[in-house]
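Thanks for making the time. I have one model to show, and I'll go straight to the side chains.

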Amino acid sequence: MDQLADDFEMGARVERAGYRVVLSTEVVETSVPPYDWREFVDHQLRWLRTVRDARPAGYSGLIFTYGLMWALLNVLASGLSPLSLWLLGLCFFLRLAQA
């Protein structure tokens, strides 16, 4: 199968064939290798292409998911107002908590 998100595509095909797709109860452990800056950017771009191909509507909704960019734009647009800096800090720490 020559698909960017082959695992997603296999699940989608199984479901379209009328079978039930369930998640495993087993926890799969993964690790993140030590990336340099270029490898990190390449990895993120591949992940974004995968999301775009698998779920186009979800991909366009990412603009609302990542509030940090909007908070940064708000800081610039407001001329470093205290409220905008507070919102930027809040978005930053919420993003850290998610990660």
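Which residues are linked with Glu-9 in a network of salt bridges? The answer is Arg-13 and Arg-16. Keep in mind as we go that this is a predicted model.

Let me stay with that network for a moment. One contact in detail: Arg-16 and Glu-9 meet through their side chains, at 3.3 Å from N to O. The two partners sit in contrasting surroundings. Glu-9 has 16% relative accessibility, so it counts as buried, being under the 20% limit. Arg-16 has a relative accessible area of 59%, so it is exposed.

How many salt bridges does a search of the whole structure find? It finds 4.

Next, helix α2. It covers residues 37-54. Arg-38 is found there, and it forms a salt bridge with Asp-42. The closest N and O atoms are 2.9 Å apart. Both residues lie in α2, 4 residues apart, and that is about one turn of the helix. Is Arg-38 buried or exposed? Exposed, because its relative accessible area is 53%, and the cut-off is over 50%. Asp-42 is at 35% relative accessibility, so it counts as partly exposed.

One more distance for Arg-38. Glu-15 is 23 residues away from it along the chain. Their C-alpha atoms are separated by 37 Å.

Another salt bridge joins Asp-53 and Arg-52. Here the closest N and O atoms are 3.5 Å apart. Asp-53 is partly exposed, with a relative accessible area of 47%. Arg-52 is also partly exposed, at 38% relative accessibility.

Now away from charge, to the nonpolar surface. There is a nonpolar patch of about 670 Å². Ile-63, Phe-64, Met-69, Trp-70, Leu-73 and Leu-76 make it. Two elements give two or more residues each: α4, residues 62-65, and α5, residues 67-78. Which of them gives the largest share? That is α5, with 4 residues.

Take Met-69 as an example. It lies in helix α5. Its relative accessibility is 40%, so it counts as partly exposed. Why can Met-69 be part of a patch at that value? Because patch residues need over 30% relative accessible area, and Met-69 has 40%.

On to the aromatics. The structure holds 2 aromatic pairs. One of them is Phe-92 with Phe-93. The ring centres are 5.2 Å apart, with 80° between the planes. That makes the pair edge-to-face, because the angle is over 60 degrees. Phe-92 counts as partly exposed, at 40% relative accessibility. Phe-93 counts as exposed, at 55%.

Last topic: confidence. What is the average pLDDT of the chain? It is 86, and 99% of the residues score at least 70. Among the elements of the chain, α5 has the highest mean pLDDT, at 91. The lowest mean belongs to α4, at 74. Both of these helices give residues to the nonpolar patch. Where pLDDT is low, predicted coordinates should not be read in detail.

To recap. Glu-9, Arg-13 and Arg-16 are linked in a salt-bridge network. Arg-38 and Asp-42 are bridged within α2. The nonpolar patch takes its largest share from α5. Phe-92 and Phe-93 pair edge-to-face. Over to you for discussion.

Methods
Residues are numbered from 1 along each chain as its sequence is written. Side-chain values use heavy atoms; hydrogens and water are left out. Patches are made of residues with over 30% relative accessible area and no salt bridge: like charges are joined within 9 Å, nonpolar side chains (Val, Leu, Ile, Met, Phe, Trp, Tyr) within 5 Å. Accessible areas come from the Shrake-Rupley method with a 1.4 Å probe; for residues, only the protein chains shown count as cover. Buried means under 20% relative accessible area, exposed over 50%, partly exposed in between (1.4 Å probe, protein chains only). pLDDT is the predictor's confidence in each residue, from 0 to 100. Rings of Phe, Tyr and Trp (its six-membered ring) pair if their centres lie within 6.5 Å; planes under 30 degrees apart count as stacked, over 60 as edge-to-face and the rest as tilted.
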